[in-house]
Amino acid sequence: METMPTPKVTVQDLIRQLKLKELIPEIDSSGREITVTAVNRPGLQLAGFFHYFSSDRVQIMGNLETAYIRSILDQNDSESRDRLQANYRRLAAAGVPCIIYARGLTPEQDFVDICREEGVPLLVSDYTTTDLAAGIIAWLKRQMAPSIMVHGVFIDVYGEGVLITGESGIGKSEVALELIRRGHRLVADDAVVLRKPTDFLVEGTSAELTRFFLELRGIGIVNVEKMYGVESVRVKKKLDMIIEMVAWTDAAESFDRIGMEIQHQDVLGVPVAKYRVPVKPGRNIAVIVEGAAVNNRARKMGYNAAEELNNRQMHPDEL
């Protein structure tokens with residue numbers, strides 16, 4: 001497994017993803033990097049409290065913040081307005097990646113001018129404050145998720161994300177082709193990128209360069225999407241199980257024949273069910289993978305065939 005560097009995410013990427021409106025388009029947002037996945041609502045900062053201020057987060061202004069600003073402006077008190085102006089500048093000068101107004105709200109011109117002077121992108125979204133914050137966090141978590149690259153084939157088999165691993169030349173791609181012909185969908189071949197967007201989820205995808213390509217020894221590279229259609233591929237899939245193809249030799253090596261206990265492999269801190277399948281001429285590994293996927297799905301639904309057989313053996317009178 002090869003650890004991959006965290007992708008660089010810029011404010012410009014965020015603007016394109018959420019289709020945000022730029023109030024100061026002359027500011028170059030491509031050079032401002034977002035380094036954390038959380039967001040902040042700077043209501044306390046507008047009131048002058050900057051202790052524990054998370055200046056590295058995307059700042060979101062909603063109804064609460066704009067209502068507070070409006071209350072200050074409506075007082076027509078020069079001292080309160082000057083204090084608000086000073087807090088505007090402290091906020092903009094703190095090195096925040098960007099400031100986004102939700103609900104289509106727009107800032108007063110003084111704040112726009114200060115952000116222009118400090119070079120801070122000032123943006124507007126039509127989303128509600130809650131939806132905007134949730135959307136930004138979800139997207140940033142996916143973009144900045146820890147990731148590794150593994151050698152193998154990733155297939156969607158009956159809705160189960162199956163990572164097939166094994167030594168080079170053992171036949172992983174041939175098994176993948178047979179599964180594709182049987183109606184299952186290819187996610188990645190050879191270089192599989194695994195990401196963890198949440199604490200309990202690992203997703204598999206492929207590198208952009210090799211997406212939907214499959215290498216067959218003796219044949220060469222084939223494009224699965226072009227050969228079998230768009231229904232034969234998918235861009236990403238949750239990782240549900242790992243099947244390690246192992247050469248079946250005459251050596252005394254034990255393979256699980258009952259399946260009472262499932263082995264697990266740690267993938268980015270998430271335990272994933274793992275099965276070791278011996279390979280020798282004459283075995284239809286594609287059918288075995290299908291069976292393993294269905295069995296794994298049944299286990300998650302609460303049914304365990306090995307336990308049922310064991311119960312029958314222990315209590316034959318109940319049959």
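Helix 3 (residues 63-74) and helix 4 (residues 78-92) bring their axes within 8 Å of each other in this predicted model. The two axes cross at roughly 145 degrees. The model also holds an open sheet of five strands, and its second largest pocket has a volume of about 350 Å³.

**Helix 3 against helix 4**

- Two packed helices are described by the angle between their axes and by the distance between those axes.
- The crossing of helix 3 past helix 4 is left-handed.
- Helix 3 contributes I69, I72 and L73 to the contact.
- Helix 4 meets them with S80, R81, L84 and Y88.
- By class, the residues of this contact are five nonpolar, one polar and one charged.

**Second largest pocket**

- Rolling a probe the size of a water molecule over the atoms shows where empty space is left.
- The second largest pocket fills about 350 Å³.
- Its lining counts 16 residues, and Q143, R195, T205, S206 and R211 lie closest to the centre.
- Helix 6 (129-143), strand 11 (185-198) and strand 12 (201-206) are the elements that each give two or more residues to the lining.
- Strand 12 supplies the largest share, with four residues.
- The lining divides into six nonpolar, four polar and six charged residues.

**Five-stranded sheet**

- The strand order is 3-8-7-6-5, and the pairing is mixed.
- Strand 3 (21-22) and strand 5 (39-40) each have a single partner strand, so one side of each has no neighbour in the sheet.
- These two strands stand at the edges.
- Strand 5 runs parallel to strand 6 (residues 58-61), and two bridges join the pair.
- N40 has Q59 in strand 6 as its bridge partner.

Notes. Residues are numbered from 1 along each chain as its sequence is written. This is a predicted model: local features need pLDDT of at least 70, side-chain atom pairs count only at pLDDT 80 or more; totals for chains, interfaces and linings use all residues. Side-chain values use heavy atoms; hydrogens and water are left out. Axes are lines fitted to C-alpha atoms, for helices over the stretch in contact, and angles run from 0 to 180 degrees between N-to-C directions. A crossing is left-handed if the near helix is turned anticlockwise from the far one by less than a right angle, and right-handed if clockwise. Contact means heavy atoms within 4.5 Å. Ala, Val, Leu, Ile, Met, Phe, Trp, Tyr, Cys and Pro count as nonpolar, Asp, Glu, Lys and Arg as charged, and the others, Gly among them, as polar. On a 1 Å grid over the protein atoms alone, a cavity is a set of points where a 1.4 Å probe fits but cannot get out, and a pocket is an open set with protein on both sides within 12 Å along at least five of seven lines; lining residues have an atom within 4 Å of a point. Grid points are joined across faces, edges and corners, and a volume is the space filled by probe spheres set on the points. Two strands pair if DSSP finds at least two bridges between them.
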